[in-house]
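Got the viewer open? Let's walk through this one a selection at a time.

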Amino acid sequence: MAAATNLLNNPMHSGFSAYFYESLGGIKSSVDAVRYKVFTVNPQFPTQIIQKSVKVPTSFGYIHNNCELKETNFTMNLVVLFNTQAHLVLTEKELASLKINGIAFETFQRENKTQIINNSTIIIGSGDYKIEFFKIKVWRVIYGL
C-alpha cells in the first residue's frame with residue numbers, strides 16, 4: 001500500500017489516484033462531509049476487469065472494497081469504518097436483487113433500520129458487509145479499425 005499512498009502525495013499522480021479510487025474502486029468522499037466521514041460506493045467495471053480490490057487511506061483508517069463480477073453476479077466485501085457512513089449507489093433492478101450479509105435487503109432493512117435515498121441509494125453505517133446483487137455488464141463492441 002505504500003506505493004498507492006505515495007501516489008496520493010505526489011501531485012503528478014493525483015489524477016491516476018483519483019481514477020483508481022473513485023472509478024475503479026468506486027469510493028468517493030462526499031462533498032458535504034470531507035475526509036471520507038461520508039462516502040459514496042459505486043464501483044464501475046470496464047470490460048476487461050472482473051475483479052478488483054482497493055484500500056483507501058483516510059483519517060479514520062482504511063476503507064476496504066473488494067469486488068468481483070462473474071457473468072451477472074456482483075459481489076462486494078466492503079469495510080465501513082467506525083463513525084463513518086457509506087452511500088451505496090444501485091439501480092432499481094440491482095436493489096431488487098440486493099442481499100447484504102446473505103440476507104435479502106427487505107429483511108436487512110427492517111432489522112437494521114437502513115435508509116434509502118431516491119429509491120436506489122442505500123445508507124449503511126460502520127461494519128463489514130458482503131453485498132451481492134445482479135448486475136448487467138456492458139460489453140463494448142468496436143467495429144472497424
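Start with the whole protein chain: 37% of its 145 residues count as buried (under 20% relative accessible area with a 1.4 Å probe, protein chains only; exposed is over 50%, partly exposed in between). This is a predicted model, where local features need pLDDT of at least 70, side-chain atom pairs count only at pLDDT 80 or more, and totals for chains, interfaces and linings use all residues. Residues are numbered from 1 along each chain as its sequence is written, and side-chain values use heavy atoms, with hydrogens and water left out.

Now switch to cartoon. You should find 4 helices and 11 strands, which are DSSP runs numbered from the N terminus (helices H or I, at least four residues; strands E, at least two).

Next, pick out the open sheet of 6 strands, antiparallel in its pairing and ordered 3-4-5-11-7-8; pairing here takes at least two DSSP bridges between two strands. Its edges are strand 3 (51–58) and strand 8 (103–104), each pairing on one side only. Zoom in on strand 8: strand 7 (residues 99–100) pairs with it in the antiparallel sense over 2 bridges, and Lys 99 sits opposite Ala 104.

Last stop, the interior. Select Ile 27, Leu 78, Leu 98 and Ile 131: these have the most contacts inside the largest nonpolar core, a set of 28 residues. Such a core is made of buried Ala, Val, Leu, Ile, Met, Phe, Trp, Tyr and Cys residues joined through side-chain atoms within 4.5 Å. Colour the elements that each supply at least two of its residues, among them helix 4 (105–112) and strand 11 (127–134). Which strand gives the most to this core? Strand 5, with 4 residues.
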